[in-house]
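Q: Could you take me through one part of this model up close? I'd like to hear about one helix and what packs around it.

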Amino acid sequence: MLKKNFLLSPGPSKVPESVMLEMAHPIFHHRTPQYQAIFSDVTSALKDIFRTKNDVFVFASSGTGAMETSISSLLSPGDKIITVNGGKFGERFGLIGKAFGIECDVIDVEWGKAVDPKIIEDKLNKDKSIKAVYTTLSETSTGVLNDIKKIAAVVSKTNAVLVTDAISGLGSDKLETDEWGVDVVIAGSQKGLMLPPGLAFLSVSEKAWKLVEQSKIPSFYFNLKKYKKSLDKNDVPWTPAITLVLGLQKVLQMIKAEGMEEVWARHARLAQATREAMKALGLKLLSDFPSNAVTAVRVPDGVDGGKLVKKLRDEMGITLAGGQDSLKGKLFRIAHMGYCNQFDVIQGIAAIEEALAALGYSFEIGAGVKKFQETWIK
Ligand SMILES: *Cc1c(COP(=O)(O)O)cnc(C)c1O
């Protein structure tokens, strides 16, 4: 059978052909007016999609590099923070904090549920020494959307700063950085931003910058003060990922042309139709508060989730993601983020139906695709 490879995984996600072509340009030197013009354009366009007037820093690293920076550049050993373990990525903030000698008050949330902002409020009221609250917009491992707007309303009344990992959420789920009062927003290139892996982003508010100035954790490559000194001269401290930044310029033009509100609306519509399609197949969703970036679906009884994802990838060329840690084998995750329209998702749903049928799950063939289209067309 002719196999075509197709990415519907929650990172890396598909890259537009026009962006691939942009990145095929011959490499040029970065300490030049040519690069400076591109970098200046990109840093200003990034502010638009981050919905902020704050500086947005660009790192040559995967998203985790910016997560680490949000701890190492803001805190000092012995500082106390709140982290939320409601999935693999929220858990990661706690692990990074520990690695830097930070005292982490971890809120454990059942994977598949969103964190209750009231718990954060109570903790902040009880302990005024808490420096920062680390949260996740779209928890990619569970498909949960946390209520960052409500959490920001709580945190902004205190001396603590709010850090939000929007690595998969940015560009998929609504995030109003300045309006809501989110101090630090983190993103990555390979999810909603339609680029290959390799860039990470971090915006920093004035309130958070005060912490940067007090921070006593040693750092070098990811030292935000160095980045700030360079950024003020429209420059970067180290060799940037020039090729990816070229692609980024193109991507930001695409998002601007579509319009941020329209981008959010497209994701909301894709996600809604996907959820309805999965329910029409008799499947259950993991999250009650679903993200518009990715839909996490419980594998039905009698079907081996590992086999399902492997079959889709190895035999049918469609890459979805499975479950992680305690959810391994119990979940599949279909992404509808970034360079994705209704026809991409329909392919994915058709493939899921074919694989489920092959693995003996009983349902009405075509019910998922039909429901997707009915929901989409409405
Ligand atoms: C993918 C992802 C990360 C990790 O990013 P890397 O680029 O793999 O380092 C962190 N948080 C969230 C929410 C993610 O989706």
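A: Here is a walk along helix α11 and its surroundings. This is a predicted model, where local features need pLDDT of at least 70 and side-chain atom pairs count only at pLDDT 80 or more, while totals for chains, interfaces and linings use all residues. Residues are numbered from 1 along each chain as its sequence is written, and side-chain values use heavy atoms, leaving out hydrogens and water.

Helix α11 covers residues 260-280; helices here are DSSP runs of H or I with at least four residues, strands are E runs of at least two, and both are numbered from the N terminus. Its end C-alpha atoms sit 30 Å apart, which agrees with the 30 Å expected for 21 residues at 1.5 Å a residue (the expected span is 1.5 Å times one less than the number of residues). Just past α11, Gly-282 has a positive phi of about 80°.

Plenty of α11 is buried (under 20% relative accessible area, with exposed over 50% and partly exposed in between, using a 1.4 Å probe and protein chains only): among these residues are Trp-264, Arg-266, His-267, Ala-273 and Arg-275. The cover over the buried residues includes α2 (33-50), α10, β11 (294-298) and α13 (342-358), going by contact, meaning heavy atoms within 4.5 Å.

Over in α10 (residues 242-258) you'll find Gln-249. Gln-249 is buried at 18%, and beyond residues up to four places away in sequence, Gln-249 touches Ile-38, Asp-41 and Val-42.
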